[in-house]
Amino acid sequence: GIVQDDGTTSRLGPSHYLMTTTTVNAVRVMQHIEYLLQVVWPELDVYATSVTEQWAAAAISGPRARDVVAALVDIDVSNDAFPFLAVGTCRIGTIPARLFRMSYSGELAYELHVPADRGLEAWEAILAAGTAFGIMPYGTEAMGTLRIEKGHIVVGPEADGRTTADDLGLGKLVNPDKWCVGKPLLSRPGLTEPGRWQLVGLTALDGAPMPRAAKLVTDPDHALPNPIEGHVTSWCYSPNLERWIALALLANGRARHGQTLWAMSPLADARVRVQVGPPCFIDPEGTRLRG
């Protein structure tokens, strides 16, 4: 019943699927799939193959992403022809490719997968096609800021081996009418109790920076040991909001939006007033990524 990984599964054909995982968990997910096929469902005619080394991938994100992709590939990528969560095959010049309409940044975005030995060629073609639109590479720090602003979880800080889908605000993905791996364990008392730590967003007040490794408390001057009600999982300065924000796991968090707490970090010798709210700070309706 605990979230193990975060990825996407795309249907490439009637019985052909491609599953992406987080980088750190690729081997673990592959091992788990093999365990299920060999031990739990040996009667299934299903084969899983790691194709990590066969493909190179690049994400193209931002308001002009469609313009760049349209100048790059040989298929129609208009919103009607290639909507959010679409997947298809295309070519970049002579390079065969797969195109995925998915977004980790929260912006209009695509992923292009090409044969690994043509990755550099595809990268150079992407940069050339994007020159007219002011394209530039972005690194993991920028990606981290974008995903925090959007409330996207990451394995480790938010999916920390103790959180369920409901804790992370993803409970709707677990269909109540269908069985799935791990579902019977979700009814355990410990995973359904009212005080579960749930994903929330925090905004630092008084212009203060969000302290690192912060614990959440109601009263910063409470005698020790001060009861901890949650902790900050990821934090950054948001250029869009012009303030420090964070994702956090907070006891009964979804019922506490609008509440003011204190983020305290003994390591940084800091205490900051924070306001609790939804984990998605920007474009909660998803207009950007679906537009």
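**Close-up views of a predicted model**

**View 1. The two cysteines stay unpaired.** The disulfide count for this predicted model comes to zero. Why is Cys236 not bonded to another cysteine? Its closest cysteine sulfur sits in Cys280, and at 13 Å that is too far for a bond. For a disulfide, the two sulfur atoms would have to be within 2.5 Å. Cys280 tells the story from the other end: the nearest cysteine sulfur is that of Cys236, 13 Å away, and Cys280 is in no disulfide.

**View 2. How covered are Cys236 and Cys280?** Cys236 counts as buried, with just 7% relative accessibility. Cys280, on the other hand, is partly exposed, and its relative accessible area is 22%.

**View 3. Ser234 and its surroundings in strand β9.** Here we look at strand β9, which runs over residues 230–238 and includes Ser234. Is Ser234 buried or exposed? With a relative accessible area of 6%, Ser234 is buried. Its side chain makes a polar contact of 2.8 Å with the side chain of Arg147. Once neighbours within four places in sequence are set aside, Ser234 touches Arg147, Ile148, Pro157 and Glu158, along with Ile245, Ala246 and Leu247.

**View 4. A nonpolar patch on the surface.** Which residues make this nonpolar surface patch of about 270 Å²? They are Tyr35, Val39 and Val40. Take Val40 as an example: this residue belongs to helix α1, which covers residues 26–40. Val40 is partly exposed, at 37% relative accessible area.

Notes: Residues are numbered from 1 along each chain as its sequence is written. This is a predicted model: local features need pLDDT of at least 70, side-chain atom pairs count only at pLDDT 80 or more; totals for chains, interfaces and linings use all residues. Side-chain values use heavy atoms; hydrogens and water are left out. Buried means under 20% relative accessible area, exposed over 50%, partly exposed in between (1.4 Å probe, protein chains only). Patches are made of residues with over 30% relative accessible area and no salt bridge: like charges are joined within 9 Å, nonpolar side chains (Val, Leu, Ile, Met, Phe, Trp, Tyr) within 5 Å. Accessible areas come from the Shrake-Rupley method with a 1.4 Å probe; for residues, only the protein chains shown count as cover. A salt bridge is a side-chain nitrogen of Lys or Arg within 4 Å of a carboxyl oxygen of Asp or Glu. Helices (H or I, at least four residues) and strands (E, at least two) are DSSP runs, numbered from the N terminus. A polar contact is a pair of N or O atoms within 3.5 Å; within protein, one must be able to donate a hydrogen and the other to accept it, and residues adjacent in sequence count only if both atoms are side-chain atoms. Contact means heavy atoms within 4.5 Å.
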